[in-house]
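Reader: I would like to go through the packing and the ring pairs. Please justify each label as we go.

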Amino acid sequence: QLQLVESGGGLVQPGGSLRLSCAGSGDTFDYYAIGWFREAPGKEREVVSCINGDGDRTYYVDSVKGRFTISRDSAKNTVYLQMDRLEPEESDVYYCAAAPRFYYGGTFYMKSTDFDSWGQGTQVTVSS
């Protein structure tokens, strides 16, 4: 089974940037779509962005379009989430997760229950 480890979280001022990393091991990384989710206390975990195994299909939730960029480096078995112009309300724990696919036959599969393997999460705090 694929194991995932997130890194790159921290404290950043409003309008600042962070790059999160999700490193995979234990299975063929390119077989998996990777999703980034975030969860605030008392709220449901929500999808932020996804990328398929080939890296040629991506998804962004509307609130982050134009500010976040997801990418993957097959040689490093790592998916990145570049987050620019961060806002205080985006202070959450960010998780990466793996699934066979997030889009197939015209249907998106991006609920948290569609993803099988999860990292431990990394805290992002946006505050002055």
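Author: What follows is a short exchange on a predicted model.

Reader: Why is Tyr-95 called buried?

Author: Its relative accessible area is 14%. Buried means under 20%, so Tyr-95 qualifies.

Reader: What makes Trp-118 partly exposed?

Author: Trp-118 has a relative accessible area of 26%. Partly exposed lies between the 20% and 50% limits, so the label fits Trp-118.

Reader: How do you know that Tyr-95 and Trp-118 form an aromatic pair, and why is it called edge-to-face?

Author: The centres are 6.3 Å apart, and a pair needs centres within 6.5 Å. The planes make 80 degrees. Over 60 counts as edge-to-face, so this pair is edge-to-face. Tyr-95 is in strand β9 and Trp-118 in strand β12, 23 residues apart. Both rings belong to one aromatic cluster with Phe-37 and Phe-115.

Reader: Why is the pair of Phe-102 and Phe-108 called stacked?

Author: Their planes are at 20 degrees. Stacked requires under 30, so the term applies to Phe-102 and Phe-108. Phe-102 is buried at 1% relative accessibility, whereas Phe-108 is partly exposed at 44%.

Reader: What makes Arg-45 a charge near enough to count over the ring of Trp-118?

Author: The charged end of Arg-45 sits over that ring, 4.7 Å from its centre. The distance limit is 6 Å, so 4.7 Å passes. Arg-19 likewise sits over the ring of Tyr-80, at 4.2 Å from the centre.

Reader: Which residues touch the most other members of the largest nonpolar core?

Author: They are Leu-4, Ile-34, Trp-36, Phe-68, Val-79, Leu-81 and Met-83, out of 26 residues.

Key: Residues are numbered from 1 along each chain as its sequence is written. This is a predicted model: local features need pLDDT of at least 70, side-chain atom pairs count only at pLDDT 80 or more; totals for chains, interfaces and linings use all residues. Side-chain values use heavy atoms; hydrogens and water are left out. A nonpolar core is a set of buried Ala, Val, Leu, Ile, Met, Phe, Trp, Tyr and Cys residues joined through side-chain atoms within 4.5 Å. Buried means under 20% relative accessible area, exposed over 50%, partly exposed in between (1.4 Å probe, protein chains only). Rings of Phe, Tyr and Trp (its six-membered ring) pair if their centres lie within 6.5 Å; planes under 30 degrees apart count as stacked, over 60 as edge-to-face and the rest as tilted. Helices (H or I, at least four residues) and strands (E, at least two) are DSSP runs, numbered from the N terminus. A charge sits over a ring if NZ of Lys or CZ of Arg is within 6 Å of the ring centre and within 35 degrees of the ring normal.
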